[in-house]
Amino acid sequence: MTPEETQARLEELKARRRRERWNAFMTPFITLTSIVVSVTLLMYLIRSCNERNPQNPGTPRLPIQRMPDQPAQPAAPRQ
């Protein structure tokens, strides 16, 4: 191998090792983040379902709030 080929091969190996190091460093963070987000979303959905349909009869049920009726306004005269 010529010195230029050796240098190119060495740079290629360094770049591959650098990518592998970053991959090994970032993979646990990405995995942990996805797990935390999934669990948080699941807990939010369970809580919202329990607020709407409680399983225990002793749990106070939140009343459904309805929009107030708007008085009917007469149509504006056309000009």
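**Exercise 1. State how glutamate 51 and arginine 47 are placed relative to each other in helix 1, and describe their contact.**

Solution. Glutamate 51 and arginine 47 stand 4 residues apart in helix 1, so about one helical turn separates them. Helices here are DSSP runs of H or I with at least four residues, strands are runs of E with at least two, and both are numbered from the N terminus. An α-helix has 3.6 residues a turn, so residues three or four places apart point the same way. The next step is the contact: the side chains of glutamate 51 and arginine 47 form a salt bridge, at 3.9 Å from N to O. The rule asks for a side-chain nitrogen of Lys or Arg within 4 Å of a carboxyl oxygen of Asp or Glu. Glutamate 51 is partly exposed, because its relative accessibility is 42%; the class lies between buried (under 20% relative accessible area) and exposed (over 50%), with a 1.4 Å probe and protein chains only.

The model is predicted: local features need pLDDT of at least 70 and side-chain atom pairs pLDDT 80 or more, while totals for chains, interfaces and linings use all residues. Residues are numbered from 1 along each chain as its sequence is written, and side-chain values use heavy atoms, leaving out hydrogens and water.

**Exercise 2. Determine how many salt bridges the rule yields, and describe the one that involves arginine 16.**

Solution. The count comes to 2 salt bridges. Arginine 16 meets glutamate 12 through their side chains, with 3.6 Å from N to O. These residues are 4 residues apart in helix 1, which means about one helical turn. As for exposure, arginine 16 is partly exposed with a relative accessible area of 37%, and glutamate 12 is partly exposed at 41%.

**Exercise 3. Compare the expected span of helix 1 with the distance between its end C-alpha atoms, and locate the kink.**

Solution. The protein has 1 helix and 0 strands. Helix 1 covers residues 3–52, which is 50 residues. The expected span is 1.5 Å times one less than the number of residues, so helix 1 should span 74 Å. Its end C-alpha atoms are 73 Å apart, which agrees. A kink of about 30° is found at methionine 26, shortly before proline 28; the bend is the angle between axes fitted to the seven residues ending at a residue and the seven starting there.

**Exercise 4. Describe the aromatic pairs of the structure and the cluster they form.**

Solution. The whole structure contains 2 aromatic pairs. Rings of Phe, Tyr and Trp (its six-membered ring) pair if their centres lie within 6.5 Å, with planes under 30 degrees apart stacked, over 60 edge-to-face and the rest tilted.

1. Tryptophan 22 and phenylalanine 25 are edge-to-face, with 5.8 Å centre to centre and 85° between the planes. Both lie in helix 1, 3 residues apart.
2. Phenylalanine 25 and phenylalanine 29 have ring centres 5.4 Å apart and planes at 65°, so this pair is also edge-to-face. Both lie in helix 1, 4 residues apart.
3. Ring pairs thus link Trp22, Phe25 and Phe29 into a cluster.

Tryptophan 22 counts as exposed at 53% relative accessibility, whereas phenylalanine 25 is partly exposed at 46% and phenylalanine 29 is partly exposed at 47%.

**Exercise 5. Identify the residues of the nonpolar surface patch.**

Solution. Trp22, Phe25, Met26, Phe29 and Ile30 make a nonpolar patch of about 560 Å². Patch residues have over 30% relative accessible area and no salt bridge; like charges are joined within 9 Å, and nonpolar side chains (Val, Leu, Ile, Met, Phe, Trp, Tyr) within 5 Å.

How values were computed: Accessible areas come from the Shrake-Rupley method with a 1.4 Å probe; for residues, only the protein chains shown count as cover.
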